[in-house]
Amino acid sequence: AGYGRVKPDLVAYGASLPGSKTYSGCRTLSGTSVASPVVAGAVALLASTLPETTRWDTLNPASMKQILVASAERLRDSHVFEQGFG
């Protein structure tokens, strides 16, 4: 229900991204199963910028979400109810 908040908090690009076929070659992939690894990669890059000795004292799931949401760009010409699926 979102407790009165609009969801999702963040959307990621997930259309026609290059990926591998099951046995050989490449194909394009789309959907939330492609967008999720894009966000995971952004979080990994973020974590890699901090010294390993203090990394997990500084970063936690809530702080990572806050950084991603605060640094995201709004989609132009798109209403809040017209973006994000899963």
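Helices H1 and H3 are roughly perpendicular to each other, because the angle between them, about 110 degrees, falls in the range of 65 to 115 that counts as such. The model is a predicted one.

**Two helices in contact**

Two packed helices are described by the angle between their axes and the distance between the axes. Here H1 covers residues 32-48 and H3 covers residues 61-71. Their axes lie 11 Å apart. Which residues of H1 and H3 meet? H1 brings Val39, Ala42, Val43 and Leu46. H3 brings Met64, Ile67 and Leu68. By class, this contact has seven nonpolar residues, with no polar and no charged ones.

**The largest pocket**

H1 and H3 turn up again in the lining of the largest pocket, where each supplies at least two residues. H1 gives the largest share of that lining, three residues. The pocket has a volume of about 600 Å³. Its lining counts 20 residues. Nearest the centre of the pocket lie Asp9, Leu10, Val11, Ala72 and Glu73.

How do the two sets of residues divide by class? The table puts them side by side.

| Set of residues | Nonpolar | Polar | Charged |
|---|---|---|---|
| Contact of H1 with H3 | seven residues | no residues | no residues |
| Lining of the largest pocket | 14 residues | two residues | four residues |

**A salt bridge**

Asp9, one of the residues nearest the pocket centre, also takes part in a salt bridge. How many salt bridges does a search of the whole structure find? The search finds one. Asp9 pairs with Lys65, and their closest N and O atoms are 2.7 Å apart. This pair links distant parts of the chain, 56 residues apart. Asp9 sits in the segment before strand E1 (17-20), while Lys65 sits in helix H3.

**A backbone detail**

Ser16 also lies in the segment before E1. Its phi is near 55 degrees. That is a positive value in a residue other than glycine.

Methods:
Residues numbered from 1 in each chain as written. Predicted model: local features only at pLDDT ≥ 70, side-chain atom pairs only at ≥ 80, totals over all residues. Heavy atoms only, no water. Axes fitted to C-alpha atoms, helices over the stretch in contact; angles between N-to-C directions. Helix = DSSP H or I, 4+ residues; strand = E, 2+ residues; numbered from the N terminus. Parallel < 35°, antiparallel > 145°, perpendicular 65-115°, else oblique. Contact = heavy atoms within 4.5 Å. Nonpolar A, V, L, I, M, F, W, Y, C, P; charged D, E, K, R; others polar. 1 Å grid on protein atoms, 1.4 Å probe; cavity = no way out; pocket = protein on both sides within 12 Å on 5 of 7 lines; lining within 4 Å. Points joined across faces, edges and corners; volume = space filled by probe spheres on them. Salt bridge = Lys/Arg side-chain N within 4 Å of Asp/Glu carboxyl O.
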